[in-house]
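Work through the following exercises with the coordinates open beside the text. Each one sets a task and then gives a solution in steps.

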Amino acid sequence: MTAGGRLSLGAMPALTLLASIGLVLVAVGNDAAQRGDSRAQALFWVGLVVIYAPIALRLLSRSAGREERIGLVLALGGSLFLVKVLRSPVDFVRFDELGWWRATSDVARTGHAFADNPFLVTTSVFPGLPTVTAGISQLADVSIFHAGLIVIGAARLTLMLALFLFLERALRSARAAGIGVAVYVCNPSFLYFDAQFGYESLALALGIAFLLAAQRWSVRSRLDWAPDLPGTLAALLVLACMLTLTHHMTTLAVLVFLAVWAVASALLNGRSEGGTTGWWQGPALPAALLLVTAALWFGLVAGSVTIDELGGVFSRSFNSVIDLVTGSNGSKQLFSGAGQSESIAARALAVASVFPLLAAILLGFRRMWRRRDANPLHLTLAAAAALYPVSLGFRLTQASSETSQRASEFVFVGVAFLAALLIADLGRHRPRLATTAASLAITAVAVTTFLGGFIIGELQATRQPGPYLVGAEDRSVTAEGLAAADFASRHLEEDSRVLADRTDATLLGSYGGLNPIFGRYADLSVPRVLFSPVFDEADRRIVHGQSLAYVVVDTRLSEGLPVIGYYVESDEPGALSRRQPLAIASLQKFEAVPGVSRIYTNGPISIYDTSELLK
Amino acid sequence: MQAGRRSSDLVALVALALLGLVAVLAGIDGAVGAVLLLPLAFAVPGYALTAALFPPGQIPAAERAVYVVALGIAVAALSGILVQLVFSLDRTAWALTLAGLTLAAGAVASARRWEERPAAAAPELNPIAVVLLVAALAIASWAVMNATDRARDELGDAHFTELWLLPKDGPGAPGRVSIGVSNHEGHPASYLVRLTLGGAPLRDWTVRLGEGQAWTTDLQAPLPTDSKPLRVTLLQGGEVYRQAFLRSDSVS
């Protein structure tokens, strides 16, 4: 800030204006994609570059002030959040988003949290996001969609600011912090996954805010009472409770991070920032606070759901990697889903995006080793970065890809630290021209990393809108599906049990208010009711045993293989290995089943009433 | 003067909280309600709590901004979760809870300010920077609104008609049925709706619907069987367009 209290934003307003033009390009590109225009991808990618590159270049500059850098990271985070909004600007359409929409709707409708959720069980034990969103929706009389955008948008800006401040305090440099944030947004989950209406999007902001408060708590140079001590402690307590009630994975990640930091602090007590001596003054106290809240919540409420979800993900990952190593199973085909594959250019960009990060980690380690000035927090951040190459290994199998994807937003905090540490040191004593050339080169590498990360993290089919595709998440949501869900909400008994493909089940379970059924009954896969060529005794057993009141059939499923590899759920018969689409005869078999009535149709989608079979 | 200046933000907080409470009790909703209540729903409790925890000058402004949002979200969610254990969370419960929290935190903040340093003056912005930022916001808003319109148009470009036939008392039960047609063809459309039992005509309706309009009728219908289903057929231009049917396994 300049003398006289004037805020010096430097080039930030102009670069924000440029970023808004990038958003226009993305919007025009999305519109072109919907119309099948060949320029759609080019407009979209150029839009992303226009948003990211100028801000990254300015963050590299030595001349920008601190306020300007803060403004730039907020402009970057806000603009990239709007890219996600431009992808689906009318309604939530992703599987997770609709699960959280259902949970929020239940809070608003019943006045109570913790309701069972038919297709996203975790929402019933992590009420943080749905409760606050329902509160905004009810109080301000805005839709759940708009309330959700407010919460996630605010969380995104908070994440950017908190991460900047956390890195700034760790690296003692506003420039390095800005560079770190520019690297962090290159993580594959950042652009879409962590901007969706989901608990992780909110929890990341809470987690980094908690770390910022923990850092304030830990970085003190005296034993005596400080004025901000009670406030910091209270903030830590509130944030620990909220983080625990919001997301299991972020809670565990922050807890492990603090534990490692605390151990490093204990081992290197003399080298810690400020030279702390009492355990309670370092990160151990925030870690203990979070441990208590997490132990209480997971022990009393969320333990089994967390173990089921995370345990399932981790065990599948572990087994698939073991199978890969022992040769029992091959690796997955990179950059290709069941229905689509990436272009050569996209594959090259994705692969090229990994090497600068690996190099930054290696060179960052070397710098830390040579200087030997790392404090416990630096070592902890470096340890987080060291997990990045491990997470890449998980990309090699289908089952472990999800683990790699979910890990990226956490390990990238460490990667951002090491990259910032390294880049901030470059060109310190070089001539201006050489520095400018180096900044341009680094920006070009950063753009590659940013775009490549997005390619790694998001299916080709779902990056932009477009015509209907089978089993392709957002791309499978159409007016017909929404109309069927609207019909269900107005005419069918709430919470009726229904079998449908993944997209229609998601819409019927959220906007439709029904209860989609997945999984197995006895030894039978429930989705086989849709897949079997004739309605046989096993189908009848499933319908009866699962009390299915309705079966919803979308005949478009016979038009192609599902892009994500399955029609209903990932362990259905034939998942990820089909060579042929579902036969239309399988989908039309309900026409001839005695006692089954077709009560609704809009062309592709029909709702069959199977309640007569339950007698 | 000094005391008044350093507490002006807290006075504004109390005013916003009370205004929100009055708006809820007066039943004000829609756009006016949103404008009056969004601050209470989102920013005001977080600001008040942060002010109570950290008096002016204790932490930098940027860090304060982080806590305003993070603690605001946290305190709203946590208080809502606690309140719903006893009461149902409706608009009034939310308003009372969040206004109460704001007033309590504001009182603590006010008390703590008497013993702390006064706040720094709000920073000023360069007018050119303001113009550029407003322009950026306007362009970004235009991009989102345009994308919203295009996405709505795209949904409207799907041309189809919904047809339904619902047993009012459950399938197989004698009684009334409901027939409905909803037009999403993107233009007005004429239909012939034909009800049959086992192929024998029962009744015809000629229906003309504008885009987005629906037609429904309830009537007493004979009991269907598997061999004689109750079928409603939607015809357009003499061609069968949609069909729905009710069957009963238990009677046949």
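The exercises below concern a predicted model, and they go from whole chains to single residues.

**Exercise 1. Determine whether the radius of gyration of chain A agrees with that of a compact globule.**

Step 1. The expected value comes from the chain length: for 615 residues, a compact globule would have a radius of gyration near 25 Å.

Step 2. The value computed for chain A is 25 Å, which agrees with that expectation, and the C-alpha trace spans about 80 × 55 × 55 Å along its principal axes.

Step 3. The secondary structure of chain A consists of 21 helices and eight strands, and buried residues amount to 62% of its 615 residues.

Step 4. Of the contacts in chain A with a separation of 6 or more, 73% are made by residues 24 or more positions apart.

**Exercise 2. Apply the globule rule to chain B, and describe the order of its elements.**

Step 1. Chain B contains six helices and eight strands, and from the N terminus on they follow the order α-α-α-α-α-β-α-β-β-β-β-β-β-β.

Step 2. For the 252 residues of chain B the globule rule gives 18 Å, whereas the radius of gyration is 30 Å, well over that figure, so chain B is more spread out than a compact globule.

Step 3. The C-alpha trace of chain B spans about 90 × 50 × 30 Å along its principal axes, while buried residues make up 47% of the chain.

Step 4. In chain B, 57% of the contacts with a separation of 6 or more join residues 24 or more positions apart.

**Exercise 3. Describe the exposed surface of each chain and the placement of its charges.**

Step 1. Chain A exposes about 21600 Å², and carbon and sulfur atoms supply 63% of that area.

Step 2. Chain B exposes about 11700 Å², of which carbon and sulfur atoms supply 63%.

Step 3. Chain A carries 48 positive and 46 negative side chains, and the centres of these two sets lie 13 Å apart.

Step 4. In chain B, with 18 positive and 20 negative charges, the mean positions are 3 Å apart.

**Exercise 4. Locate Ser532(A), classify its accessibility and list its contacts beyond the sequence neighbourhood.**

Step 1. Ser532(A) is placed in the loop that runs between helix H19 (528-531) and helix H20 (537-545) of chain A.

Step 2. Its relative accessibility is 5%, and because the limit for a buried residue is under 20%, Ser532(A) counts as buried.

Step 3. The side chain of Ser532(A) reaches the backbone oxygen of Val534(A) at 3.2 Å.

Step 4. Once neighbours within four places in sequence are set aside, Ser532(A) is in contact with Asp539(A), Ser586(A) and Lys589(A).

**Exercise 5. For Phe114(A) and Ala522(A), state the sign of phi and the accessibility class.**

Step 1. Phe114(A) has phi near 70°, a positive value in a residue other than glycine, and is found in the loop between helix H4 (95-110) and helix H5 (128-140) of chain A.

Step 2. With 30% relative accessibility, Phe114(A) counts as partly exposed.

Step 3. Ala522(A), which also is not glycine, has a positive phi near 55° and sits in the loop between strand S4 (520-521) and strand S5 (524-525) of chain A.

Step 4. The relative accessible area of Ala522(A) is 54%, and because exposed means over 50%, Ala522(A) is classed as exposed.

**Exercise 6. Describe the surroundings of Gln196(A) and of Phe365(A).**

Step 1. Gln196(A) lies in the loop between helix H7 (174-184) and helix H8 (199-218) of chain A, where at 4% relative accessibility Gln196(A) counts as buried.

Step 2. Apart from neighbours within four places in sequence, the contacts of Gln196(A) are Lys84(A), Arg94(A), Asp96(A), Glu97(A), Ile152(A) and Ser201(A).

Step 3. Phe365(A) belongs to helix H12 (residues 344-371) of chain A and is partly exposed, with a relative accessible area of 31%.

Step 4. Leaving aside neighbours within four places in sequence, Phe365(A) is in contact with Ala382(A), Ala386(A) and Leu418(A).

Step 5. Two C-alpha separations complete the description: Gln196(A) and Gly364(A), 168 residues apart along the chain, are separated by 32 Å, and Phe365(A) and Pro283(A), 82 residues apart in sequence, are 23 Å apart in space.

Definitions and conventions
Residues numbered from 1 in each chain as written. Chains lettered and ligands numbered in written order. Heavy atoms only, no water. Helix = DSSP H or I, 4+ residues; strand = E, 2+ residues; numbered from the N terminus. Rg over C-alpha atoms; globule rule 2.2 N^0.38 Å. Buried < 20%, exposed > 50% of the residue type's maximum accessible area, 1.4 Å probe, protein only. Contact = heavy atoms within 4.5 Å. Areas by Shrake-Rupley, 256 points an atom, 1.4 Å probe, with all protein chains shown as cover. Lys, Arg positive; Asp, Glu negative; His and termini not counted. Charge placed at Lys NZ, Arg CZ, Asp CG, Glu CD. Polar contact = N/O pair within 3.5 Å; in protein donor to acceptor, adjacent residues only side chain to side chain.
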